[in-house]
Amino acid sequence: MHWTEGGVEHSARWRSERGVPPPKRVVVADDRMTADDAYGLACQGTALLWRSDFQNARQMLIALASRADRQSRRAKKPAASATPPTPAEAFHLHRQAQSQRARTLGMLLIPVDADYGVPLRRAPDVGRALAEAWGPAEGPCVVSLRELLGLIGAHEWRSKGIEIPAVGGRIHPHYGVFAPIRHEYVGLVAQAPLPAALVSVDLAFDIGTGTGVLAAILAKRGVQHIIATDQNARALTCATENIARLGYSKQIQIVQADLYPQSQAALIVCNPPWVPAKPSSPIESAVYDPDSRMLKGFLAGLKGHLAPGG
């Protein structure tokens with residue numbers, strides 16, 4: 001990313017988990033800029049590189065979000081004679097509004113030093129959170145404040161973990177891996193009767209394991225051989241650490257695969273993304289599945305991978 005500051009040309013590596021290209025227009029901003037001016041620039045596609053107090057940057061982000069939401073509410077008011085949109089049209093408009101909101105709020109940028117320090121007053125220590133998500137530092141970079149706060153929040157989830165009684169401990173989600181904070185599917189796998197076929201074919205698959213939570217539930221229920229698959233590198237690392245921490249490494253094998261491993265299993269579980277739309281960030285891949293690719297692939301592969309009676 002390139003910008004001019006104090007009459008001098010500067011550049012730094014641009015980081016975006018959402019795959020957003022670096023902004024073409026950048027101005028330096030600080031506490032003297034009003035929220036209205038900042039919102040106007042952000043809506044026009046001009047990024048704001050913050051050079052003042054970090055906590056004030058957070059307040060600015062809140063102010064920008066308030067203005068974006070106010071604008072969205074105005075846009076949603078239909079004319080009296082307007083035909084109500086179909087559910088599909090309403091969903092498409094909602095996704096468009098979400099995308100525009102994310103673009104606007106993503107225009108508030110924070111500098112990060114080569115050692116993952118943030119050179120702003122009252123900035124938190126984010127080194128560990130960034131190292132967990134990005135790996136070793138590779139020089140100074142710039143990231144949107146909204147994304148940086150997401151990285152910090154993910155680090156807190158990873159540190160504290162989520163208590164899941166059905167696994168006999170806590171699950172620690174990594175950044176970019178779907179956290180098991182909704183318990184319907186967890187409870188279903190914990191309570192559903194196990195198939196009798198497990199007696200003759202003592203093998204289960206967890207397809208798209210993520211944090212490894214469903215594989216861990218099956219291990220806790222006594223299934224002795226489980227293969228948990230995923231193709232996301234972060235998910236594979238996350239699941240491996242969780243399974244080891246819970247003491248189920250002898251029962252569960254973590255495998256990198258697009259859906260199914262080789263062989264057949266008596267029990268196959270999967271918590272697939274369920275909305276047939278394009279994800280706007282890596283974490284949304286746990287919810288949004290373009291053209292239902294994963295769901296259709298999972299269903300199509302059952303015939304060849306489910307053992308008789310499974």
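**View 1. The largest cavity.** About 30 Å³ of space lies in the largest cavity of this predicted model, and the structure holds one cavity of 30 Å³ or more. The residues that line the largest cavity are A129, E132, A133, L151, A154, H155, R158 and Y175.

**View 2. Helices around the largest cavity.** Two or more residues of the lining of the largest cavity come from each of the elements α4, which spans 127-134, and α5, which spans 145-160. The element that gives the most to this lining is α5, with four residues. When the residues of the lining of the largest cavity are sorted by character, five are nonpolar, one is polar and two are charged.

**View 3. The largest nonpolar core.** In the largest nonpolar core there are 34 residues, and those with the most contacts inside it are W50, L108, I110, L130, W134, L145 and L148. At least two residues of this core are supplied by each of α1 (35-43), β5 (46-50), α2 (54-76), β6 (108-112), α4, β7 (141-144) and α5. The largest share of the core comes from α2, which gives eight residues.

**View 4. The surroundings of L145.** Leaving aside residues up to four places away in sequence, L145 touches F54, A57, R58, L61, L108, L109 and I110. L145 is also one of the residues with the most contacts inside the largest nonpolar core, and two of the residues it touches, L108 and I110, are listed beside it there.

**View 5. Another core.** Apart from the largest nonpolar core lies another core, which has 28 residues, including Y185, A204, A215 and L267.

Conventions: Residues are numbered from 1 along each chain as its sequence is written. This is a predicted model: local features need pLDDT of at least 70, side-chain atom pairs count only at pLDDT 80 or more; totals for chains, interfaces and linings use all residues. Side-chain values use heavy atoms; hydrogens and water are left out. On a 1 Å grid over the protein atoms alone, a cavity is a set of points where a 1.4 Å probe fits but cannot get out, and a pocket is an open set with protein on both sides within 12 Å along at least five of seven lines; lining residues have an atom within 4 Å of a point. Grid points are joined across faces, edges and corners, and a volume is the space filled by probe spheres set on the points. Ala, Val, Leu, Ile, Met, Phe, Trp, Tyr, Cys and Pro count as nonpolar, Asp, Glu, Lys and Arg as charged, and the others, Gly among them, as polar. A nonpolar core is a set of buried Ala, Val, Leu, Ile, Met, Phe, Trp, Tyr and Cys residues joined through side-chain atoms within 4.5 Å. Buried means under 20% relative accessible area, exposed over 50%, partly exposed in between (1.4 Å probe, protein chains only). Contact means heavy atoms within 4.5 Å.
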